[in-house]
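Dear colleague,

I am handing over the structure we spoke of, and my notes on it follow below. Please read them with the coordinates open beside you.

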Amino acid sequence: MSKSSLRLDNFSLGTVLHACSVMATLGHGKMIHSLAIVHGFHCYAYVGNGLVNMYAKCGDIDGSKQSFNDIMEKDLVSWNTMLIAYGLHGWGGKALKIYEEMLASGLKPDKGDLYKPANDL
């Protein structure tokens, strides 16, 4: 894509990150992360959420947390993705802390949001 006349955007990067998550290909995910940084998309929620998910599924919880911290405007998906990341790695205490931070930020999950992370584990 970068060699063609097509331009990168946050949606294309997020989609490729999803593929990296499904296949658990950390090396490719890191390359996409580098592209996102170079083009300034790493702080967009859609790309950041994809990074958090990709790092978590590839076993790099520190990469997940850093990517979460880089998201400028976190949405409910951002918070839920980080909750799931901690849950996948057995860090219940950190998941509860993130949940408290989410509530402090003013976002209120509904019953479905509380149910989804538990189902994704």
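**Two buried residues, one helix pair and the chain as a whole**

Threonine 81 is a convenient place to start, and this residue lies in helix H5, which covers residues 76-88. Please keep in mind throughout that the model is a predicted one. The relative accessibility of threonine 81 is 12%, and because the cut-off for a buried residue is under 20%, threonine 81 counts as buried. Once residues up to four places away in sequence are set aside, threonine 81 touches Asn49, Val52 and Asn53.

One of these partners, Asn53, also appears in the packing of two other helices, since it is listed among the H3 residues that meet H1. Helix H1 spans residues 10-23 and helix H3 spans residues 45-57, and the two pack with their axes 8 Å apart and at an angle of about 15°. Angles under 35 degrees count as roughly parallel, and H1 and H3 are therefore described as roughly parallel to each other. Their crossing is left-handed. On the H1 side the contact is made by Asn10, Phe11, Leu13, Gly14, Thr15, Leu17, Cys20 and Ser21, while H3 contributes Tyr46, Val47, Gly50, Leu51, Asn53, Met54 and Lys57. Sorted by character, the residues of this contact comprise eight nonpolar, six polar and one charged.

The other residue I looked at is methionine 102, which is found in helix H6, residues 92-104. With a relative accessibility of 1%, methionine 102 counts as buried. Its contacts, leaving aside neighbours within four places in sequence, are with Leu76, Trp79, Leu107 and Pro109. You may also wish to look at methionine 102 together with lysine 74, for the two are 28 residues apart in sequence, and their C-alpha atoms are 9.2 Å apart in space.

As for the chain as a whole, its secondary structure amounts to seven helices and zero strands, so that the order of elements from the N terminus reads α-α-α-α-α-α-α. The chain has 121 residues, of which 40% count as buried. If one takes the contacts between residues at least 6 apart in sequence, 59% of them join residues at least 24 apart. The exposed area of the chain is about 7,000 Å², and carbon and sulfur atoms supply 59% of that area.

With best regards

Conventions
Residues are numbered from 1 along each chain as its sequence is written. This is a predicted model: local features need pLDDT of at least 70, side-chain atom pairs count only at pLDDT 80 or more; totals for chains, interfaces and linings use all residues. Side-chain values use heavy atoms; hydrogens and water are left out. Helices (H or I, at least four residues) and strands (E, at least two) are DSSP runs, numbered from the N terminus. Buried means under 20% relative accessible area, exposed over 50%, partly exposed in between (1.4 Å probe, protein chains only). Contact means heavy atoms within 4.5 Å. Accessible areas come from the Shrake-Rupley method with a 1.4 Å probe; for residues, only the protein chains shown count as cover. Axes are lines fitted to C-alpha atoms, for helices over the stretch in contact, and angles run from 0 to 180 degrees between N-to-C directions. Angles under 35 degrees count as roughly parallel, over 145 as roughly antiparallel, 65 to 115 as roughly perpendicular and the rest as oblique. A crossing is left-handed if the near helix is turned anticlockwise from the far one by less than a right angle, and right-handed if clockwise. Ala, Val, Leu, Ile, Met, Phe, Trp, Tyr, Cys and Pro count as nonpolar, Asp, Glu, Lys and Arg as charged, and the others, Gly among them, as polar.
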